[in-house]
2 protein chains.
Amino acid sequence: MIENEFVRRLTRRFPNLPPVEVGIGDDGAVLSNVSGTPVVVVTDLLLDGVHFDLRVTSPQLVGRKSIAVNLSDLAAMACEPTAAFISIAVPKSLRGDAASFLEALYSGIEEMTTEYGFTLAGGDTNAWDGAFAINVCLTGTPMKNSPVLRSGAKAGDVLFVTGPLGGSLHHGRHLTFSPRLDVARWLVSNTSVHAMMDLSDGLSMDLHRMMEASHTGAVLESAHIPVHSDVPLLLSDRERLAAALGDGEDFELLLSVSESDAATLPDLAERAGFQLVRIGRVVEGSELLLQDKHGRRSPLEITGWQHVAD
Amino acid sequence: MIENEFVRRLTRRFPNLPPVEVGIGDDGAVLSNVSGTPVVVVTDLLLDGVHFDLRVTSPQLVGRKSIAVNLSDLAAMACEPTAAFISIAVPKSLRGDAASFLEALYSGIEEMTTEYGFTLAGGDTNAWDGAFAINVCLTGTPMKNSPVLRSGAKAGDVLFVTGPLGGSLHHGRHLTFSPRLDVARWLVSNTSVHAMMDLSDGLSMDLHRMMEASHTGAVLESAHIPVHSDVPLLLSDRERLAAALGDGEDFELLLSVSESDAATLPDLAERAGFQLVRIGRVVEGSELLLQDKHGRRSPLEITGWQHVAD
């Protein structure tokens, strides 16, 4: 069973009930609040040996990343963070090193909560015989009136990404990236964003999820997909494109806006200090296609990361 | 470093910032909401080999317990659940059994969400080489105007528990208990509860935490502490009392009300079908004392569970 199917099953099993307006399947959940602002909740579990490797990565960077990936989910929903809830499983094998490990971990966490202006409001701490695991849950509040969802893309829309893709894991960018709250804030103030999500599992996989949520298809233009300088120049063009489409953990935003808004958006963004790269279009149907520079189209292979194997 | 001290340090490091009204150190956090109802957030991480043992416990009971312990935290704050967020780390060693494992786990979860009328609204699922871990985060809303905290006990108050204590882990009660939402609901409608928390780590430890939060001390009457029938009758009276004070995972509520309200409360509760056992008093100072049937007082030994050793 793979993650997409697992999530689909959960969605059928646990339908939304008030106050849940948006539940399983988006970057976060939206809870309505009687006569108040909706509350948005995002959560991510990070595991030693999967999302980081404590043999080579400092606890401080692990703490930083555990907050950053959740901030990226909030950015995707155009929300500001309001509080963090952190649960950790600490290996008993750390023994006397537990205190300095926790000190470093929480200094990485504090770096992020200070930079983004929110606080740690709760959590749970346990020791066990297993490896280190950390779950972060963030609450958030919309930057404008309401959160931006994955499900709002419309046929005819233009697709953008906020920066170059690929090579994040090999170059450690996944530990040090800045979540795109600033560009999200600029976007919701300067245009109408139909759909948005963050790129954690690779553009092809995440585009598939956004288009499925929106009941639309997409055509990406291979020549326009920005390949990150972290992807080796020695690779062939085909391999470099595959890295941008499938490596994952880029934590840039993928978004869809109307054709009319799209025309001026990259220039406006550039003047504000942001990058918006036009990578393709939303179309009717459910197909995902890749169009080469000669206009030839082929099915987009979904190569990204699915978390539950077998 | 032990848990109480670790939590104290975090509290100093991460002071409350709006909208966080109550942060680290209570059963859950309280977030204010402009012109709306406050949102309460609780979270608990449960680990194989610590909080359950998958060699002898079904995934269904694990799912059930993971929700129940969080509902117990909400009951302690006199809040109704509104949504669940569940992150799981699934052992790769399950291979082909992963699907049936997850099916059983989520059927135990669904049992609880259906019984208590809320839904699963999000989460995260990962496979790894480690053992099974599950983090549950619940959002909640106050049963009456505002949540009940640990910090409201006053010298002169009377302390109650909602049922007998001890022997939970050995008898598997920790897997099947009913979180005390019903009695919490009755309490906030029928009296003024000054402080409340749930008993997860043993009465002596949890009382210590409540009194510390309230800047008060307490005197427990050993003859009045209700010992659960799960505690073997073959044990000495002294051992049976120690089990009630230190075994943990009872998930009854500990609460404090004024002397005048306390007089009639147990009878009123009994007529409504609830048990309230008067176990002692809140006093000035910070000492915790145990008074025997002859009126002799000795320091209460804190024997409960602390999660982070060394």
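**How chains A and B meet**

Reader: What makes the pair E110(B) and R13(A) a salt bridge?

Author: In this predicted model, the closest N and O atoms of E110(B) and R13(A) are 2.6 Å apart. The cut-off is 4 Å between a side-chain nitrogen of Lys or Arg and a carboxyl oxygen of Asp or Glu, so the pair counts as a salt bridge.

Reader: And how many salt bridges are there between chain A and chain B?

Author: Four. Polar contacts add to the picture, with 16 residue pairs between the two chains.

Reader: Which parts of chain A supply the side that touches chain B?

Author: Several elements each give at least two residues, among them α1 (3-13), α3 (98-116) and β5 (119-128). β5(A) has the largest share, ten residues. By type, that side of chain A has 36 nonpolar, 21 polar and nine charged residues.

Reader: How much area do chain A and chain B bury between them?

Author: About 5,300 Å², with 65% of it on carbon and sulfur atoms. On the chain A side, R13(A), F14(A) and W128(A) lose the most area to chain B, together 13% of what that side buries. So R13(A), the salt-bridge partner of E110(B), turns up here too.

Reader: Why is the relation between chain A and chain B called a two-fold axis?

Author: A rotation of 180° with 0.0 Å of shift along its axis puts chain A on chain B, at an RMSD of 0.0 Å. That is just what a two-fold axis does. In chain A, the C-alpha of G36(A) is nearest the axis, 2.2 Å from it. Both copies use the same surface: 98% of the contact residues of chain A recur in chain B.

Key:
Residues are numbered from 1 along each chain as its sequence is written. Chains are lettered from A and ligands numbered from 1 in the order in which they are written. This is a predicted model: local features need pLDDT of at least 70, side-chain atom pairs count only at pLDDT 80 or more; totals for chains, interfaces and linings use all residues. Side-chain values use heavy atoms; hydrogens and water are left out. Copies are superposed by least squares on the C-alpha atoms of residues with pLDDT of at least 70 in both. Contact means heavy atoms within 4.5 Å. Buried area is the accessible area (1.4 Å probe) that two parts lose on being put together, summed over both. A polar contact is a pair of N or O atoms within 3.5 Å; within protein, one must be able to donate a hydrogen and the other to accept it, and residues adjacent in sequence count only if both atoms are side-chain atoms. Helices (H or I, at least four residues) and strands (E, at least two) are DSSP runs, numbered from the N terminus. Ala, Val, Leu, Ile, Met, Phe, Trp, Tyr, Cys and Pro count as nonpolar, Asp, Glu, Lys and Arg as charged, and the others, Gly among them, as polar.
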